Structures are given as C-alpha cells and as structure tokens.
Amino acid sequence: WRDRIQVRQLMTKSLLANIATGAKWTAINRIAIRLISFVSTMILARLLTPHDFGLVALGMAFISFLTLLGSFDFETVLIQHPDPTLGHYDTAWTLNAVYFSVAAIGLIIFAPHLANYFAVPQLSNILYVLAAGFLARGFASVRVIDFQRHFKFHYDTLLRTSVKLVGFIATITSAFILRNYWCLLIGMLTTQATYLVLSYLLAPYKPRPTFHCTRELFSFSGWLVFANLISFINTKSVELIVGKILGTGPLGIYTVSDSSAGITQELTSTVNRAAYPGYAKLSKSTSDLKTLALRILGVISIIAFPAALGLYGIAPPFVVAVLGQKWRAAVPVLEVIAISSLINSLQSNVSYVLFALRRPKLHTAVSAIKATIMLPLIYFFSIYHGIEGAAFAVLTASAALLPVNLYLLHRLLAI
C-alpha cells in the first residue's frame with residue numbers, strides 16, 4: 001500500500017516536472033510570438049488604416065469558420081489516446097487533406113457571393129488568397145502532435161517561432177512597398193507555406209492515405225467538431241456582425257484591440273497547453289487530477305490578474321504610443337476586452353479537464369450556453385452602442401459563464 005502511494009507520488013512529481021518544462025518552452029514560444037506580433041502591429045498600425053485591417057479580418061472570419069468546421073481536434077484525441085498507431089496518424093492526415101481541399105474549393109466558389117453580401121468588392125480577391133494558404137495547411141505533417149504528446153515542447157517552440165518570424169519578415173517588407181492590405185495577405189500565405197515545409201523537416205512523416213481509423217477517431221472528436229462550430233460563434237461572430245452592421249473601419253479597430261489584449265490569454269494558454277498531457281495521464285485519479293487542476297488555476301491567476309489589469313490601466317497611453325493617434329477610438333474597446341480576457345483566463349483550464357475526463361459533451365454544452373447569451377447581445381449592443389457595445393457583449397457573456405464552469409469543477413472534482 002505504501003509502495004503504491006510512493007509510486008503515485010513519483011508519477012505526480014514526474015508529471016509536474018514535465019509540465020513545468022513544457023510550460024517553460026511554451027512560454028518562450030508564446031512570448032516570442034507575442035513580441036513579434038507586437039512589433040508587427042506597431043509598424044503596420046502606422047502604415048495601414050483600420051479599414052485595411054478590417055478587410056482582412058472579415059476574410060479571416062470565414063477562414064476561421066472553415067478551420068473550426070474541420071477542426072476534428074485530432075491533436076486532443078491522439079494526446080488522450082493511450083497508444084496511437086501509425087494508422088491513427090495516417091487517418092488523421094487523410095481526413096485533414098480531404099477536408100481542407102474541399103473547403104478551399106468551396107471558399108473560392110462562394111467568394112464573389114460573400115463579397116456581394118457584405119458589400120465589400122475587395123473581399124473576393126482576399127478570399128482567393130486565403131483559400132490558397134488554407135489548402136497548404138491541410139497537408140502539414142500530423143507528427144507535430146508528438147511534440148506535445150511526448151513533452152518535446154522545444155521542437156514545437158522552434159517550429160512556431162520560426163514560422164511566425166518568416167511571416168513577419170514577409171509582411172513588413174510588403175507593407176513598406178505596398179502600403180495596403182495586400183501585405184497582410186502576403187504574410188499569411190508565406191506563414192502557411194513555411195509551416196507546411198518546416199512541419200516535415202522537424203517531424204518527418206511519410207503519409208499513407210487511409211480512412212482505416214476514422215470511426216475510432218470520431219468516436220471522441222465528433223462532439224468536438226460540434227463544439228468547435230459553437231466556438232466559432234463565440235470567437236468570430238462578433239467580427240461578422242460588426243463587419244456587416246458597422247463596416248470594416250470599426251471592425252479593424254475591434255480586431256487590433258482584441259489582438260493587443262490577447263496577451264493575457266496567450267500567457268495563460270501556455271500553462272494550459274503544457275498541463276493537458278498531465279491531466280490526461282491523471283484522468284483516472286480524481287484526487288490527483290483535482291490537485292493538479294488547482295495548482296494550474298493558481299498559476300493562471302498569478303499571470304492573468306497583473307497582465308489584464310495592467311493593460312487596462314495603461315490602455316490610453318498604450319494606444320497612442322504604440323498604434324498612433326488615428327487609433328484613439330480603440331481605447332475603450334481595449335479596456336473592455338482586457339477585463340474579458342481576465343475572466344476567460346480564470347476559467348480556461350476547465351475545458352482541458354473536461355477533455356481529460358472524456359466529457360466533450362459538457363464542453364459543448366458550456367460553449368452553447370455562451371453562444372446563446374452572446375449572439376443577441378452582440379447584435380443589439382452593436383446597433384445601439386457601436387463597437388464598444390460589441391466588446392461589452394463579449395464581456396457579459398464571459399462573466400455569465402464563470403459560475404457554470406465553477407459548478408462543473410465542483411461536481412466533477414469536488415472542488
């Protein structure tokens with residue numbers, strides 16, 4: 001009996017050590033990417049207009065929809081799987097390749113109709129370029145999943161940071177030459193092409209098209225697909241509604257504000273991403289999972305409160321100094337989104353706990369509750385209160401979800 005306790009303690013310590021190492025490398029990754037994004041935004045905000053950002057943000061909303069529609073979350077499934085075979089990886093790659101190809105063709109076909117609906121003629125060409133990058137994404141090596149599965153986060157850091165840096169160079173170089181939204185598209189296309197090449201260099205893999213393990217993969221990920229559709233509503237519906245009702249200018253302001261305030265969730269997602277493999281390994285021991293979840297929540301709180309409240313406090317000088325005078329309308333939007341990011345961060349690890357416990361239906365239900373609250377709020381608040389109203393609608397929905405997630409932790413882990 002004592003030996004079992006000692007073994008469990010050693011396993012827990014080993015997992016915590018792996019999580020700490022993973023968190024360190026993921027933090028390096030996130031900080032590097034955030035720093036690159038910060039410098040990029042600072043430069044682009046002075047070369048481009050809110051309208052330019054809004055145009056591309058509108059196009060990216062459709063890419064996000066297609067991504068989430070085909071996000072079978074094989075990463076989550078294969079990390080949770082006790083012993084995935086080559087057949088699982090081949091099936092995941094095949095399903096990705098087929099879906100991204102079909103979706104890219106569909107986007108090209110419907111691009112002119114979407115441009116007409118939103119009364120934005122430039123949107124069709126934007127979607128054509130984004131479709132090409134979307135297609136490349138579907139053929140990347142699925143073996144990059146092993147970086148997280150086996151706690152080899154230094155490879156993941158190298159991959160993602162390198163891709164971001166190449167995209168940054170392409171975007172900024174194009175921006176100084178073109179001075180319009182096309183520089184953003186060139187950067188995105190370069191980013192996807194670079195990821196495709198580096199994924200095979202860092203995670204060598206020879207794909208063999210097959211659907212052999214489709215049923216097994218979808219037995220878990222089927223609900224995740226539905227959850228991702230709802231996630232799209234929760235994350236991107238604001239951009240579609242704002243773009244339709246208020247136009248691309250206000251949409252650009254919202255997009256840049258959201259990107260600037262995203263540092264809080266970027267930092268906390270570092271911890272969550274590193275912790276998930278640990279959750280999965282402890283899923284059969286409620287007490288150990290509870291202990292780990294509470295430790296992770298403590299770390300998230302230490303990061304989220306100073307990051308979010310600090311950004312809220314410096315929002316006015318930050319916008320003027322970093323983005324420039326033409327972005328002053330972003331100040332109240334940035335303040336609201338900063339508080340929303342804090343609330344989201346404090347409940348962000350609940351989803352990972354639900355995945356580890358193989359309860360994707362609960363995750364889907366929680367996402368559906370948020371979407372039900374947020375959609376009507378965004379629509380009416382945008383009409384009557386403009387871009388600030390849209391941001392406040394997101395904040396209200398996030399706050400409403402907090403007691404729901406706390407209740408789930410109480411019922412599942414007796415917290």
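**Figure 1. Lys244 over the ring of Tyr117.** The charged end of Lys244 sits over the ring of Tyr117, with 4.1 Å to the ring centre. Keep in mind for this and every other panel that the model is a predicted one. Tyr117 has aromatic company too: together with Phe62 and Phe118, Tyr117 makes up one aromatic cluster. So Tyr117 turns up twice in this view, as the ring under a lysine and as a member of that cluster.

**Figure 2. Arg143, shared between a ring and a carboxylate.** What does the charged end of Arg143 sit over? That would be the ring of Tyr89, whose centre is 3.8 Å away. Arg143 also forms a salt bridge with Asp146, and here the closest N and O atoms are 2.8 Å apart. The two partners of the bridge fall into separate accessibility classes: Arg143 is partly exposed at a relative accessible area of 23%, while Asp146 comes out as buried at 12%.

**Figure 3. A salt bridge along helix 7.** Side chains of opposite charge can pair when their charged atoms come close. Here the pair is Arg160 with Asp156, and the closest N and O atoms are 2.9 Å apart. Because the two residues are four apart in helix 7 (residues 153–178), about one helical turn separates Arg160 from Asp156. Is Asp156 buried or exposed? Asp156 counts as buried, with just 3% relative accessibility. Arg160, on the other hand, is partly exposed, with a relative accessible area of 30%.

**Figure 4. A buried pair in helix 9.** Lys236 and Glu239 form a salt bridge, and the closest N and O atoms in it are 3.3 Å apart. Both residues belong to helix 9 (residues 214–245), where they are three residues apart, about one turn of the helix. Lys236 is buried, and Glu239 is buried as well. How many salt bridges does the model hold by this rule? The count comes to three.

**Figure 5. Phe147 and Tyr155, ring on ring.** A pair of aromatic rings is described by the distance of the centres and the angle of the planes. The structure holds 12 aromatic pairs. For Phe147 and Tyr155, the ring centres are 5.6 Å apart and the planes meet at 20°, so this pair is classed as stacked. The cut-off behind that label is an angle under 30 degrees between the planes. Phe147 is buried, at a relative accessible area of 5%, whereas Tyr155 is partly exposed, at 35%.

**Figure 6. Helix 5 and what it packs against.** Helix 5 covers residues 123–137, which makes 15 residues. From its first C-alpha to its last, helix 5 reaches 21 Å, close to the 21 Å expected at 1.5 Å a residue. Which residues of helix 5 are buried? Among them are Leu123, Ile126, Leu127, Val129, Leu130 and Phe134, along with small ones such as Ser124, Ala131, Gly133 and Ala136. And what do the buried residues of helix 5 pack against? Three helices: helix 2 (50–69), helix 4 (86–117) and helix 8 (182–202).

**Figure 7. Thr268 and its contacts from elsewhere in the sequence.** Thr268 is part of helix 11 (residues 263–281). With a relative accessible area of 1%, Thr268 is buried. Which residues does Thr268 touch once neighbours within four places in sequence are left aside? The contacts are Ile300, Ile303, Ala304 and Ser345.

**Figure 8. Two loop residues with positive phi.** Most residues other than glycine have a negative phi, and most peptide bonds are trans. Ala119 has a positive phi, near 55°, and is found in the loop between helix 4 and helix 5. At 65% relative accessibility, Ala119 counts as exposed. Arg358 also has a positive phi near 55°. Arg358 has its place in the loop between helix 14 (349–356) and helix 15 (360–413). Arg358 is partly exposed, with a relative accessible area of 42%.

**Figure 9. Cys183 and Cys213.** How many disulfides does the structure hold? The number is zero. Cys183 is buried, with a relative accessible area of 0%, and Cys213 counts as buried too, at 7% relative accessibility.

How values were computed. Residues are numbered from 1 along each chain as its sequence is written. This is a predicted model: local features need pLDDT of at least 70, side-chain atom pairs count only at pLDDT 80 or more; totals for chains, interfaces and linings use all residues. Side-chain values use heavy atoms; hydrogens and water are left out. The expected span of a helix is 1.5 Å times one less than its number of residues. Buried means under 20% relative accessible area, exposed over 50%, partly exposed in between (1.4 Å probe, protein chains only). Contact means heavy atoms within 4.5 Å. Rings of Phe, Tyr and Trp (its six-membered ring) pair if their centres lie within 6.5 Å; planes under 30 degrees apart count as stacked, over 60 as edge-to-face and the rest as tilted. A charge sits over a ring if NZ of Lys or CZ of Arg is within 6 Å of the ring centre and within 35 degrees of the ring normal. A salt bridge is a side-chain nitrogen of Lys or Arg within 4 Å of a carboxyl oxygen of Asp or Glu. A disulfide is a pair of cysteine sulfur atoms within 2.5 Å.
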